[in-house]
Structures are given as C-alpha cells and as structure tokens.
Amino acid sequence: MFGKKISVFLFFFVTVFLFLGQSQVNAAGEQVIYSSTNGDQILMRDSVGEYFVNGIKISNNKQITWNRLLENTWVGGSFTREQNVQFIDGISEIKSVQFASFKSNYAQDVPHAFVLKVGHILMSCREAQFSAGEWNISFKDVFGNYTPRYTDYDGSTTFPSDGDSYLIINADTGKVVDFVSNLNPYYYGKAEKFEIINATEGSNSLEIPSVQPQLRLSEIQDNKAKISWNSVPYGLEYEVEFNSDTIFSNSNSIELKNMPPNTEYQARIRAKNDLGSGPWSQYLIFRTKLQTPEVTYSTTSSTLQLNWLPVEGAESYEVDFNGLIVQVGNVTEFVPAGIESNKEYTFAVRALSSNNESLWSPPVKILTPFISGLSPNYGLVAGNNLIDINGSNFVSGAKAQFGTTEVATTFVSSTKLRVWVPAASSEGSVNVKITNPDGQVAVLSNGYTYTQQGAGPAPTISGLSPNYGLVAGNNVIEINGSNFVNGAKAQFGTTEVPATFVSSTLLRAKVPAASSARSVDIKVTNPDGQVAVLSNGYKYVEQVFPAPTISGMSPSSGLVTGNNVIEINGSNFVSGATAQFGTTEVPATFVSSTLLRAKVPAASSARSVDIKVTNPDGQVAVLSNGYKYVEQVFPAPTISGMSPSSGLVTGNNVIEINGSNFVSGATAQFGTTEVPATFVRSTLLRAKVPAASSAGSVDIKVTNPDGQVAVLSNGYKYVEQVFPAPTISSLSPSSGLVTGNNLIDINGSNFVSGATAQFGTTEVPATFVRSTLLRVKVPAASSAGSVDIKVTNPDGQVAVLLDGYTYTLPAPAPAPVITSISPNSGVLTGGNVVVINGANFLNGVNAQFGNVQVAATTFVSSNQLRVKVPAGISSGMVDITIINPDGKSAQLIGGYTYN
C-alpha cells in the first residue's frame, strides 16, 4: 500500500498494491475493476472494452491515452519533447488499482484519483532540437531504447529497467492527468516530484444503489434551469424524470433549456447500474423566473428616460439606478430626476410578482454628452464656415443640429467635433444639438448666433513675422493679432489667400507672388465679414537677405568618386540655397543659417575646387580651393563594438557603432540591409536598426565614402523578445571534485530557456527549469581552485558570479587492511584459490605471498579479493602483502602457511 502519505522521487516509489484477481462481471458483460467500500468510486470496463470511472468514459476506441508535450524556443533554436502512452484493451494489463489523493508538479492537486498500476502499455517518445541551423531528432526513451515500443516486454525483448508504471486518473473529470514511471523523463531525472496520500483499497463487487439522491436547484433563469445531485454509491448512471420526460446522465448535474418563463416544473432522480435502479429522490418543485425585462432608453444632456416592455405575470418593477433600488410600481417607464450632463449613469430593471421575480436586465452604462461651447460661436447667415464644437462624451458618427437643420460632423475626439455651419434664413441665435449614434443628446441653448455682419469682436492685426520677402512669394508667414476666427481669410494687397487658423491670436498664410517690389496692405476677414487691416503690413523686395559667407567645410577633402555628404559652415544661408563644386552645381540641404549639407559630385581628376553657395536671392559666397578631390584620403575604418548589441526583430531602435576612422557620409549595413549612419565623430556612428525577418545574429558593415569597409561578424543579434538581464545569487552545491560530471543548480533571476553556463573558460549547456533556476553538469577542471560562473541568455545578456564554484581534489584513499585469509593454509605447490578479506581494496590491487608475486588478483569488492596461491619456496608461514594501485599497502604477518 501507499500507506497514509508518500512524498518521494520515483526511484523510491513504494509499490505494494492490491492485486485484483478475478473481477465481478455482471449479466450485461460489464466488469467492475474497482469499487470503494461505500460504492462512491467505481472503475469499470464494459462489454466492448471501454473503461469508465464513476460513469465517465475515460477510453476511446478501447484505449486510455496520456500525452505530454513540452516546447521551448529561443533565439536561433528550439526544443520539443513529446511522450505518448496508450493502454490498449486486450493487450495492456491493469495489475492493481487504488483510490487516493494525488499531487504532482505537472498535474497539480487531484483530490480524487484512481491510481492504476499498468503493464505492457505502448509508449512513444520524441525529442527534437534545432540549434546552429541543424535539427537533432531522437525517438529513444530515457534508457536509450527506440520507441514506439511496449513496456516490460516487446516481442522477444524484455525491459527489466522499466520498473512499475502508473496511470493517474482524475475521478471527478475522467482525465488521465499523469504518468508515474521511470520511463517519464521528468521523474527519471528527478526534475519533478509527486505525492500519493490516503491510498485506499477497494473491492471488485457491484451492488444495486440503495441511497436516495439529494436533488437541488443549482441555477434558475427565465428560460433554463440547472439541477444537481450528490453521487450515490454504486450509481453508474442517473435517471432524471422531468415532468413527463426521462433523461439519463453520467454526471452529477443536468441543464434544462427552452423552458417558458414563470412556469412550474417538477423533477426527481434515481441512481442506476446494470444490476438495477435505486430509490427515487424526493420531487424537486421549482418555477422558472419571470421574463427578464427588455430595456431601452433615451437621453439628452439633462434628461434620461427608461422604457421596457411589459412582462407577463409581473405585478411591479424595480430599477437599480446607480446602485439605488427604486420601487416604480406596475409601470413600464422611469424618468429619474436630477440628470446632469457630462456624467456616468448605470441602470438595470427587474420584474416582480407575489411569488416570483426576474433576473436583472443586463446593466446599461451611459455617459451623457455635454456641449461646453462653440469656436467660433457666431457667423454669417450664409453659413459654410468651419467651426469646432467642444464638450465631452462625443461619439464617432454623431450628428449636429443648428436650430432645425441637421448636418454631419467630423469626429476629432470625444471632446471635439468639427462641422460646416449650415446657412440660416435670418439673423438670430439657435440651439445647437449633438445626437450620438446611440440616441443620446446634448443641447446648448442659443449656442450659435447667425449675423448679417459680425456680432463678435472685430479682429485686429498687430504684426507679421517676417514682414518682408521676395516678390516671388511662396514663403509662409505668421499673422499675429486678436479675435481671429476659424475660416478667416488673408489678403496681400488685392490678392486673397486662405489662412490656416492656429488660434484666435495667430494665423498662418502662404505669401502670393507680386509683380514688383513694394509694400502692400494686409487684410484679415473673419467668417462674419468683420475685417482688420494693417497698412503697408508686408514689403515685397527684390533682395532681402544679407550676403552669405563660407567659413569652412567638414570634411574638406574626399575621393574623386564623390557621393559623400559634407557640411558647409558659414553665415546668412537661406533655405533653397545651392552649392557648386568647381563648375558642378548640386542642391544643398538647409540646416540653419550657418550650416548647409550637400552630397559631393564626382570629379574627373584629383584637384582642389572652389566652393560656391548661392542664396535664392542670387547673392553668392565663394571659398577658393575649398574642397580637395583625392585618389585616397582616409585610413580604413574599424568596428570595435555596438551599444546595445541586440534588439527586437521589429528594429527601429537607435544604436551606437564604436570604432575608428569613421567619416561623415559613412553608411551602415545590418546583414544585407543598408541604412544611413549619423556621423558623430571619427570613433562613433549612430544608426537606426532596420527590421529583420527572423531572430538571429547578423554582420555589421560600415562603408566610408571612399569605399573602404569595416565588418564586425555577428555584431548585432535580433531577438523575438528583449529580456531583463540575468543575475546569479548562488550555486547549490558550490563545490565539487575536479573530475566534474556532477549536477548543480544555479539560482538567480531572469534566466531564459536556451541560456548557457560557463565555468571559468569552459562553456556548458544549461537545463532551463524556471526563470530563477538552471541545472548544469559541471565540466572537469585541470586543477583545484575557484572559478567564475557566467550565465549567458540567448539575447547575449550576461550574469557573472565571481569565484562562484570551487573545484576540489578527491580525498586520498585510505590504506588497505587485511583481516583474514580463507583458507589460510595449503600445499607447497600452490594452485589453490583463497579469499583475502579486509577493507579499502582498489581495483588493480596486487598480492604477494612472502616474496612471490601472485600472477593474477581478482578484485571482488573493496572488502574482498580472490587469488590463486603461488608455489612456495619452503614449508612454513609467509607474510601476505596487498599493494593498491596508489602504492599504499597492507601486510598480514604469517597470514598463510605452506604445508
């Protein structure tokens, strides 16, 4: 028996079980394999070879199956382990059964379990590992035997190392939850534990149920109910009599559906098996609930009305309004007082009668919309101006209404809508109404005013920035002032242009071209027709900028092939300026008034050329011999490292490339993908990492503008997920012999499947147990002493424990001891075999009789040797000497006598 409680690894499993012998077979051919003494728990086999626990079928096609799958993936690799076990009726055997509580790492807590000791089951194993671009697949079990195979014996082959095997079945669900066996790699490797508690024996008999079930109502609604009952000893099936219907169930509950509301029903139940039926339970009489009310609602920003359809049989109704239960009587509407805009309300309704009630209707949550204001809140009766409606709880698809005219809105956010104002027939203020798609309404009384000529404050212009520009126009300026309104327009002299509304004090406009240099008035017209004018507010000029200057180039030389980007430093540069290298003009990128960037054109030969910058107004700056074309100019670049050196496959993160001899205009390449690099200095580039199609390491290549290249092999690692850095807190144990080969645990945090461990300079694979525990086999060391322990996660992050493990030398072997020789005498010619007893003998030991070396010494154990006695020189006693391979010896004075 398992006894009261067992908690051990498999190798110490207690295997005393109840062997069943001949099970009872009833008239229908059903075989009771196990029955608890009270009949509550039953395992049986039917006439066709299917198996049941407590009426629940646990087999399929006469097979009981257990399967476990483990899948781990990491950057660049994966591991899969799958084990399948099949108990096949007619081939496999049940050796014994017990009922117990079971607990394991894999199955967790199983309070009611059948423990089946099984034999000759079909088992298959598969392990597949992908690493370094290669698959390694094995179909061997833990003992190195190929699968699929039958346990214990397979044809002519027996497997004594298999030991006992147990299938654990959850008696409540009928699921096979664990396989306890030496053949389970998790128990074989002691990675997991199990407990079997309060194991009890049973019988193989079946009786007619004699206990009356206790029937109860577990759930009741308006159209369905659930009734349940307790298990009855020896009950393999339950017969439910429901009104005039009969229903059979193997479980302890049944759900009744499609039932009319507010209707009385009765049910009773009895337990059955193939020997007969037990007594009926008492009748359970119950009534379905009243129909749940169907609720609708309508709202404005200050009102809320609930409506529902009448419920047959209802005598009154209750409303749960924001947690307050309100008795509303026998009515089908409810209008709560004190509704506020911009507030959340929740409500539900249920029906009541003198002997019944309904469920609460599904709770409805609403947020009343609210209009805080319009910007602007006035405009011409002609309409067609764009305004913003501000507030809260707006929903996409909301409609706006100005007076009686409804218009569509553009949803900006839950606090802002944008609409084109419809035309009005006359001046005056109108209500503005917002209706959300769910029918909720917000109203702002007199929210918008139509005017013939501005009702709001008149706009003013305080200034322009800048207030001058070339006659070609096309530059953007800012108009500063007050009382600007969305939809306002700007006019430069006689030319009107649209204005971008930024705020009531700021407009932006693109300057139109002028026919000649001169000053013009600036006019702003609001949508309501009110006007602001700034006399001579903008000046068109033929030339407006001070002349540019060039102070230097960076770099000032490059290959004749060109195509590298340089910086031109100076002053008074203007957007749109161009650069010229000798006679070749190229566009320039405007960075600031003191900095331009340009891509160097190719040259026909090595030489110095003038650099010319031309502003859009035609003014020019020249730097004589400002740039030098050469055949070769830069030393080759080098890459020393990346920071960081790993990231997600989605890319888009910025990294730093460290090295030497980098040049402005250099590019970076991740694998086969080239990206621009930002030149910081000759030892540092920055680049945005491109996305990758899969995780893995790629080479990093930097190419200088002169074509010289630096490559860092596997310099950057793409990962599926970036993990926090690992830490090592301790090792258990933290020391061992220099021969290694012992298993230790590395404790810490943030470990990832696929991590490796390093003892000093020797790297070994690590078995991932969980994020705080790795298990590794210690490698051998050449000498005793402490070494650092390093754990490297698949993303390259490292944890180091200095002097974390100590290698020790094995303790010196003790000297041998001789206690006796049997027999201790023999003929002078020798040739007889004697046994030398003692202690601390080592394999390879030598024996001497007097001064004569024994030809062969048979090592039996550390306590016993067997030797053939050599011929003696003369009769009498001789000393027996034993010499171990390490040179240590023992002597028994006068230990043997030659006759």
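This passage describes the strands, buried residues, surface patch and salt bridges of a predicted model.

Local features are reported only where pLDDT is at least 70, side-chain atom pairs count only at pLDDT 80 or more, and totals for chains, interfaces and linings use all residues. Residues are numbered from 1 along each chain as its sequence is written, and side-chain values use heavy atoms, with hydrogens and water left out.

The largest nonpolar core (a set of buried Ala, Val, Leu, Ile, Met, Phe, Trp, Tyr and Cys residues joined through side-chain atoms within 4.5 Å) contains 25 residues. Here, buried denotes under 20% relative accessible area, exposed over 50%, and partly exposed the range in between, with a 1.4 Å probe and protein chains only. The residues with the most contacts inside this core are Leu43, Phe87, Val97, Phe114, Leu116 and Leu167. When neighbours within four places in sequence are set aside, Leu43 is in contact (heavy atoms within 4.5 Å) with Gln31, Val32, Ile33, Tyr34, Phe52, Val53, Ile58, Val97, Phe114 and Leu116. In soluble globular proteins, nonpolar side chains tend to be buried together.

Thr151 lies in the loop between strand 13 (149-150) and strand 14 (153-154). Strands (E, at least two residues) and helices (H or I, at least four) are DSSP runs, numbered from the N terminus. Thr151 counts as buried because its relative accessibility is 0%. Residues up to four places away in sequence not being counted, Thr151 touches Gly119, His120, Ile121, Met123, Asp162 and Leu183.

Nonpolar side chains also occur at the surface, where Trp135, Ile137, Phe139 and Tyr146 make a patch of about 500 Å². Patches consist of residues with over 30% relative accessible area and no salt bridge, nonpolar side chains (Val, Leu, Ile, Met, Phe, Trp, Tyr) being joined within 5 Å and like charges within 9 Å. The accessible areas come from the Shrake-Rupley method with a 1.4 Å probe, and for residues only the protein chains shown count as cover. Within this patch, Phe139 belongs to the loop between strand 12 (134-138) and strand 13. Phe139 counts as partly exposed because its relative accessibility is 41%.

The structure holds 22 salt bridges, each being a side-chain nitrogen of Lys or Arg within 4 Å of a carboxyl oxygen of Asp or Glu. One of them joins the side chains of Arg68 and Glu192, at 2.7 Å from N to O. This pair links distant parts of the chain, 124 residues apart: Arg68 is in strand 7 (residues 63-74), whereas Glu192 is in the loop between helix 1 (185-188) and strand 18 (194-200). Arg68 is buried, with a relative accessible area of 9%, and Glu192 is likewise buried, at 11%. A further salt bridge is formed by Lys117 and Asp164, whose closest N and O atoms are 3.8 Å apart. Lys117 in strand 10 (residues 108-119) and Asp164 in the loop between strand 15 (157-158) and strand 16 (165-170) are 47 residues apart, and the pair links distant parts of the chain. Lys117 is buried at 7% relative accessibility, while Asp164 is partly exposed at 26%. Arg268 forms a salt bridge with Glu241, the closest N and O atoms being 3.0 Å apart. This pair connects strand 24 (residues 264-273), which holds Arg268, to strand 21 (residues 237-242), which holds Glu241, across 27 residues. In addition, Lys289, Glu318, Arg350 and Glu357 are joined into one network by salt bridges that share partners.

Strand pairing, for which DSSP must find at least two bridges between two strands, is seen in an open sheet of 3 strands with the order 27-28-31 and antiparallel pairing. Strand 27 (295-299) and strand 31 (333-334) each have a single partner strand and stand at the edges, so one side of each is left without a neighbour in the sheet. Strand 28 (residues 304-308) is joined to strand 31 by 2 bridges, and Leu306 has Phe334 as its bridge partner in strand 31.

Strand 55 (residues 578-581) runs antiparallel to strand 59 (residues 607-614), with 4 bridges between them; Thr578 has Thr614 as its bridge partner in strand 59. Another 4 bridges join strand 55 to strand 56 (residues 584-587), also antiparallel, and here Ala579 is partnered by Val586. Strands 55 and 56 form a hairpin with 2 residues between them, and Gly582 in the turn has a positive phi of about 65°.
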